[in-house]
Amino acid sequence: KNINENWESYREYVNILNGEFNLENVNFYDANYNKIFGEFTYVDKILKSNKIILQSSGISSAVTINYFKNLNNYEILGNLNFNNYYANYLTDKINLNSITGQASFNINSSNSINNIYAKINLLEGTFFNNNYEKLDALISGKLHESNYFGNIEGNIIGYQLYPYFWKQIDFNVKLADNDSSSLKLEAFSNLNDSINVNIKRFSKNKYLINKFYGKLKGFAFNTHPSYVKLVNKNYDIPQAKIYFNKGQINLKLNFSKNNFYKINSTISNINLDHIYSILGVNWPITGTIEYADVKIEKNKNSPLLLL
């Protein structure tokens, strides 16, 4: 703060300034760098730098400042290289670990409109605690005052999610302040397993599961459109219908952030052996459920099953 205040007081008197800098043991946006160094020029109140190098364990990056007039008028771009990199801020959010690969980015601002573009290409890491062979993504976004829009699209190749090995997962995520956020996901395996998901936000805390269908272990499933309400990490699904081959499951679910949940469901004509095959488990109860009214509750104790 003091540096910024002193700089603003002298800025109008400085027309040309050239220099070099070398910083060590720097924390920048929750990332620790062993060294940051480079050169810069300051001419007619515009800051520029052809290359700024950031180095740390598992990551190195080269940043170019095309121009920086102020926080509302600038363009910065760069490239990053990862080698078995662990980022605590990514691990806490999405369990993205052991990052190896490359990324490039461009962030700029003009007339109070902020834009970001990034391209990510990663190899052999972990995502939500499961291994992947390759992850590619394109990220773009725009922010103007309190209005924002972002888009993330890409695919994951060779994702191990027991008991399935997904050959390819294609995804598209749209984030917006005007209730137009959405998620689209398609997944395919070498054994003809498939999942197709389409979710849209239609109000601040409500989401519509518009499509959820596919085939797992040779058994087809699909659902009627259903709603999800999310408040303070509490999930509420007032009604969902799942069709599985010739069977049907009617479901009502409430799940809280404290791992407490309540499930009410009716089940008809469901073959348990098919369910076990899909889940990759083997329980001693076998056969076909012709009809059952099931309630499962969990609070501070173990789950309570009521039939």
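# A tour from turn to turn

Start at the turn between strand 11 and strand 12. These two strands form a hairpin with 5 residues between them. Select Asp179 in the turn: its phi is positive, about 65°. Keep in mind that you are looking at a predicted model.

**Stop 1: along the hairpin**

Now select residues 164–176, which make up strand 11. Add residues 182–189 for strand 12. The two strands pair in the antiparallel sense, over 8 bridges. Pick out one such pair. Which residue of strand 12 is the bridge partner of Ile169? The partner is Ala187.

**Stop 2: the next hairpin**

Stay with strand 12 and add strand 13, residues 194–203. This pairing is antiparallel too, with 7 bridges. Select Leu183, then look across to strand 13: Ile199 stands opposite. Strand 12 and strand 13 also form a hairpin, with 4 residues between them. Select Asn192 in that turn, where phi is positive at about 70°.

**Stop 3: a nonpolar patch on the surface**

Go back to strand 11 and select Leu175, which lies in this strand. Is Leu175 buried or partly exposed? Leu175 is partly exposed, because its relative accessible area is 43%, and buried would mean under 20%.

Add Leu143 and Tyr148 to the selection. Together with Leu175 they form a nonpolar patch on the surface. The accessible area of the three comes to about 260 Å².

Next, keep only Tyr148. Tyr148 sits in strand 10, residues 147–161. Tyr148 is partly exposed, with a relative accessible area of 37%. What does Tyr148 touch, not counting residues up to four places away in sequence? The list is Lys142, Leu143, Leu175, Ala176 and Asp177. So two of the contacts, Leu143 and Leu175, are also its partners in the patch.

Draw a distance from Tyr148 to Ala176. They are 28 residues apart along the chain, yet their C-alpha atoms are separated by 5.6 Å.

**Stop 4: the salt bridge**

Select Lys134 and Asp136. They form a salt bridge. The closest N and O atoms are 3.6 Å apart. Side chains of opposite charge can pair when their charged atoms come close. How many salt bridges does the structure hold? It holds 1.

Show the surface and look at both partners. Lys134 counts as partly exposed because its relative accessibility is 36%. Asp136 has a relative accessible area of 16%, so Asp136 is buried. The cut-off for buried is under 20%.

**Stop 5: strands 3 and 4**

Move to strand 3, residues 46–56. Select strand 4 as well, residues 59–70. They pair in the antiparallel sense over 7 bridges. Find Gln55: Ser60 in strand 4 stands opposite. The hairpin of these strands has 2 residues between the strands. Select Gly58 there and read its phi, which is positive and near 90°.

Now pick Ser56, which has its place in strand 3. Is Ser56 buried or exposed? Ser56 counts as buried, because its relative accessibility is 17%. Show its contacts, leaving aside neighbours within four places in sequence. You should find Asn32, Tyr33 and Asn34.

**Stop 6: Val43 and Ile16**

Select strand 2, residues 31–43, and find Val43 there. Val43 is partly exposed, with a relative accessible area of 36%. Add Ile16. The two residues are 27 apart along the chain, but their C-alpha atoms are separated by 4.6 Å.

**Stop 7: the core**

Hide the surface and look inside. The largest nonpolar core has 37 residues. Select Phe82, Tyr132, Ile156, Tyr159 and Trp166: these have the most contacts inside the core. Which strand gives the largest share of this core? Strand 5, residues 73–85, gives 5 residues.

**Last stop: the whole chain**

Zoom out and colour by secondary structure. The chain has 3 helices and 23 strands. Of its 307 residues, 29% count as buried. Now show the full surface. The accessible surface is about 19900 Å², and 53% of that belongs to carbon and sulfur atoms. Last, think about contacts with a separation of 6 or more: residues 24 or more positions apart account for 29% of them.

Definitions and conventions
Residues are numbered from 1 along each chain as its sequence is written. This is a predicted model: local features need pLDDT of at least 70, side-chain atom pairs count only at pLDDT 80 or more; totals for chains, interfaces and linings use all residues. Side-chain values use heavy atoms; hydrogens and water are left out. Patches are made of residues with over 30% relative accessible area and no salt bridge: like charges are joined within 9 Å, nonpolar side chains (Val, Leu, Ile, Met, Phe, Trp, Tyr) within 5 Å. Accessible areas come from the Shrake-Rupley method with a 1.4 Å probe; for residues, only the protein chains shown count as cover. A salt bridge is a side-chain nitrogen of Lys or Arg within 4 Å of a carboxyl oxygen of Asp or Glu. Buried means under 20% relative accessible area, exposed over 50%, partly exposed in between (1.4 Å probe, protein chains only). Contact means heavy atoms within 4.5 Å. Two strands pair if DSSP finds at least two bridges between them. A nonpolar core is a set of buried Ala, Val, Leu, Ile, Met, Phe, Trp, Tyr and Cys residues joined through side-chain atoms within 4.5 Å.
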